[in-house]
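Hi,

Here is the structure I promised to pass on. Have a look at it first, and my notes follow below.

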Amino acid sequence: SERVWVYRRCLYCNNGEADVQLIHQYNITSAPQPYDNLFTEQVKTLRGRKLRIVSVPYFPYMDFERRTEEPGGIINPKDSIDTRLIYAFASALNFTFEIREEPERTWGLEINGSFTGMIGQLQREETDFCTIAGPSPQRLKVVEYLRGYPSDLMTVTSLKPSLLPQHLSLIRPFEGELWLALMVSVVAWGGLMWILQRIWRWFAGGRRVDFSTTLLYGWGALLEQPPPVLSVSNSGRLLVGWWLVFCLVITTGFRSSLVAHMTVQGKTLPIETFEDMVKQDNWKWCTEPWLLKGVPFDYFSKHTDPVVQKLYKHMEVLVADEALERVLEGGFTLVDFENYVNIIVASRYTDARGHNPFYVSKKGVSIMAAFGWGMR
């Protein structure tokens with residue numbers, strides 16, 4: 001026969017079910033025919049097919065309420081980003097859907113090549129796609145992935161910085177290392193001055209100068225109250241002159257810094273990073289239980305950085321409300337996703353003027369490439 005029929009598989013053309021579709025009928029002896037739609041696989045309509053969706057609540061991306069108390073049942077989606085996207089896609093691609101809750105409310109961890117949670121249902125093809133989830137190298141081996149929006153940063157939430165005590169304003173202009181250096185400088189200068197005076201007295205004679213006298217002279221010059229000149233040699237006078245120049249620079253810097261600290265009271269430094277948190281004395285931290293049922297668990301448990309290892313080793317597990325109450329007591333930090341914890345703080349702990357007692361760090365850590373939907 002000189003006639004050729006070309007068919008292709010059509011997943012949704014038979015009232016939403018799989019079928020085959022004739023796309024070309026050729027005659028091999030006639031002129032070549034156009035091939036424009038021969039390899040076009042884009043799905044423009046699902047013809048009313050009912051898709052199965054599995055979900056885990058994670059506001060603002062996905063939120064719902066159960067129809068029954070039984071885990072894993074059909075849920076009623078509430079207004080959220082994923083809910084709006086699902087309805088928009090359903091209208092554009094002509095499909096219906098039912099959304100079920102993942103019974104354990106977990107995204108999924110890999111155990112000997114098999115996944116639990118939502119990723120496990122996709123791997124076993126028990127559902128068509130899931131709502132918000134993060135990709136990982138292991139997950140991408142068993143599911144397709146539709147990127148939706150940037151990933152949420154992992155941040156730390158602690159109490160806002162508090163005012164520093166005013167009685168420490170006199171020593172606050174200089175750091176502890178600088179105060180220590182000044183003490184060492186006074187002792188070193190006093191010792192050098194005493195040695196020079198002893199050598200001069202040995203060669204030329206003259207009055208005796210004690211070490212305590214040179215030490216008190218150096219300290220008095222630093223306080224702008226030097227005793228009478230103690231040097232009886234030219235080398236000693238030169239050393240005194242340079243010491244007075246040094247004291248002038250130090251006292252000028254101290255005075256200007258002191259005025260600034262007395263005018264504006266300082267605050268403690270906020271906790272911005274994991275490093276800041278683990279360096280605190282007698283400090284504790286936690287994360288939420290659902291975060292340890294997905295990609296964050298792999299990040300914390302498998303990371304080789306010593307800071308992350310220490311963070312995971314001493315990590316407590318508390319839900320957000322309990323954790324924030326512990327934060328209010330002081331000495332405690334909640335490790336959580338930025339957008340998620342900001343909504344909780346804004347809706348439950350912020351007054352009419354926008355004030356709340358918490359500080360969410362500005363330096364977050366990205367532990368996933370993006371957020372989106374997983375497809376079987």
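**Aromatic pairs and overall build**

Phe297 is partly exposed, with a relative accessibility of 25%. Keep in mind as you read on that this is a predicted model.

The partner of Phe297 is Tyr312: the two rings make an edge-to-face aromatic pair, 6.3 Å from centre to centre and with 75° between the planes. Phe297 sits in helix H7 (residues 295–302) and Tyr312 in helix H8 (residues 306–313), so this pair ties together parts that are 15 residues apart in sequence. Tyr312 is also partly exposed, at 30% relative accessibility.

There are plenty of other rings to look at, since the count comes to 27 aromatic pairs. Another one I picked out is Phe174 with Phe254, whose ring centres are 5.5 Å apart; the planes meet at 65°, and angles over 60 degrees count as edge-to-face, so this pair is edge-to-face. It links distant parts of the chain, 80 residues apart. Phe174 is in the loop between strand E11 (154–159) and helix H3 (176–204), while Phe254 belongs to helix H5 (residues 234–263).

Is Phe174 buried or exposed? Its relative accessible area is 13%, and the cut-off for buried is under 20%, so Phe174 counts as buried. Phe254, with a relative accessible area of 21%, comes out as partly exposed.

If you want to colour one group of rings, try the aromatic cluster formed by Tyr58, Tyr61, Trp107, Tyr149, Trp290, Phe337, Tyr340 and Phe371.

Now to the chain as a whole. The protein chain has 10 helices and 16 strands. Its radius of gyration is 36 Å, well over the 21 Å that the globule rule gives for 376 residues, so the chain is more spread out than a compact globule. Along the principal axes, the C-alpha atoms fill a box of roughly 130 × 60 × 40 Å.

As for the inside and the surface, buried residues make up 38% of the 376 residues. The protein chain exposes about 22200 Å², and carbon and sulfur atoms supply 57% of that area.

Two last items, on contacts and charges. Of the contacts with a separation of 6 or more, 70% are between residues 24 or more positions apart. The chain carries 39 positive and 40 negative charges, and the mean positions of the two sets are 7 Å apart.

Cheers

How values were computed
Residues are numbered from 1 along each chain as its sequence is written. This is a predicted model: local features need pLDDT of at least 70, side-chain atom pairs count only at pLDDT 80 or more; totals for chains, interfaces and linings use all residues. Side-chain values use heavy atoms; hydrogens and water are left out. Rings of Phe, Tyr and Trp (its six-membered ring) pair if their centres lie within 6.5 Å; planes under 30 degrees apart count as stacked, over 60 as edge-to-face and the rest as tilted. Helices (H or I, at least four residues) and strands (E, at least two) are DSSP runs, numbered from the N terminus. Buried means under 20% relative accessible area, exposed over 50%, partly exposed in between (1.4 Å probe, protein chains only). The radius of gyration is taken over C-alpha atoms; the globule rule is 2.2 Å times the number of residues to the power 0.38. Contact means heavy atoms within 4.5 Å. Accessible areas come from the Shrake-Rupley method with a 1.4 Å probe; for residues, only the protein chains shown count as cover. Lys and Arg count as positive and Asp and Glu as negative; His and the chain ends are not counted. The place of a charge is taken as NZ of Lys, CZ of Arg, CG of Asp or CD of Glu.
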